[in-house]
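Here are my notes on the model you sent, set out as numbered points. They start with the sheet and go on to the charged pairs, the helix packing and the backbone.

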Amino acid sequence: LNMEIARFIIEGAGAQVMPAVNGEEAVKIFETSQYGEYKVVLMDVMMPVMDGYQALKAIRDLEKERNIPEKDMAKIIMTTALNEEKNVKMAFDLGCTVYSGKPINRVKIEQVLKKLELI
């Protein structure tokens, strides 16, 4: 449900969205993408098959394997209801760009995308 809400908001802002139903699928999509094809990855910490932390690490590992400069790496936005300090720290240690609490809404997504200078 959160994915559909985010998709509606982001597409409404004029961006294209490639949805993934779980973390493993997100990593596979990213793995088969071309350099720079995905500028932003928005994912939930709690996903089936592969959680957000595992997917975040896998995506960052792929970028490092491809020798993508840090400035050109995808911006990864983690969304979650888990706002404990240890969860936030783990996400940033793994390479998260923005850690955003729930609920997801238009104002919050637009603020994050503006902060990242993407809209």
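1. Two strands are taken as paired if DSSP finds at least two bridges between them. On that basis β1 and β2 pair in the parallel sense, over five bridges. One of the positions concerned is Asp44, whose bridge partner in β2 is Thr79. Bear in mind throughout that this is a predicted model.

2. On the other side of the pairing, β2 (residues 75-80) is joined to β3 by four bridges, and these two strands also run parallel. Here Thr80 has Gly101 of β3 as its bridge partner.

3. Put together, the three strands make an open sheet with parallel pairing, in the order β1-β2-β3. Why do β1 and β3 each have one side without a neighbour in the sheet? Both stand at the edges, β1 as residues 40-44 and β3 as residues 98-101, and each has a single partner strand, so one side of each is left free of a neighbour in the sheet. From one strand to the next, the twist averages 20°. As for cover, β2 is mostly covered, with five of its six residues buried.

4. Turning to charged groups: side chains of opposite charge can pair when their charged atoms come close. With a cut-off of 4 Å between a side-chain nitrogen of Lys or Arg and a carboxyl oxygen of Asp or Glu, the count comes to seven salt bridges. Three of them are described in the next points.

5. Asp44 and Lys102 form a salt bridge in which the closest N and O atoms are 2.4 Å apart. The pair links distant parts of the chain: Asp44 belongs to strand β1, Lys102 to the loop between β3 and α5, and 58 residues separate them. Is Asp44 buried or exposed? Its relative accessible area is 14%, and because buried means under 20%, Asp44 counts as buried. Lys102, at 29% relative accessibility, is partly exposed.

6. A second salt bridge joins Asp61 to Lys57, with 2.8 Å between the closest N and O atoms. Both residues sit in helix α3 (residues 52-65); because they are four residues apart there, about one helical turn separates them. Asp61 is partly exposed at 29% relative accessibility, and Lys57 is partly exposed as well, with a relative accessible area of 42%.

7. The side chains of Asp72 and Lys71 also meet in a salt bridge, at 3.2 Å from N to O. Asp72 is partly exposed, its relative accessible area being 33%, whereas Lys71 is exposed, at 64%.

8. How do α3 and α4 pack? Helix α4 covers residues 85-94, and its axis lies 9 Å from that of α3, at an angle of about 15°. Angles under 35 degrees count as roughly parallel, and the two helices are therefore roughly parallel to each other. Their crossing is right-handed. On the α3 side the contact is made by Tyr53, Leu56, Lys57 and Arg60, and on the α4 side by Asn87, Met90, Ala91 and Leu94. Lys57 thus appears both in this contact and in the salt bridge with Asp61.

9. Some backbone geometry deserves a look. Most residues other than glycine have a negative phi, and most peptide bonds are trans. The bond from Lys102 to Pro103 is cis, with omega near 5°. Pro103 is in the loop between β3 and α5, where Lys102 is also found.

10. Which residues other than glycine have a positive phi? Val49 is one of them, with phi near 70°; it is found in the loop between β1 and α3 and is exposed, at 61% relative accessibility. Asn67 is another, with a phi of about 60°. Asn67 is placed in the loop between α3 and β2, and at 66% relative accessibility it counts as exposed.

11. Lastly, Leu118 lies in the segment after α5 (106-115). Leaving aside residues up to four places away in sequence, Leu118 touches Val40, Lys75 and Leu113. Val40 is 78 residues from Leu118 in sequence, yet their C-alpha atoms are 8.8 Å apart in space. Leu118 is partly exposed, with a relative accessible area of 32%.

Key:
Residues numbered from 1 in each chain as written. Predicted model: local features only at pLDDT ≥ 70, side-chain atom pairs only at ≥ 80, totals over all residues. Heavy atoms only, no water. Buried < 20%, exposed > 50% of the residue type's maximum accessible area, 1.4 Å probe, protein only. Contact = heavy atoms within 4.5 Å. Axes fitted to C-alpha atoms, helices over the stretch in contact; angles between N-to-C directions. Parallel < 35°, antiparallel > 145°, perpendicular 65-115°, else oblique. Left-handed = near helix turned anticlockwise from the far one by under 90°.
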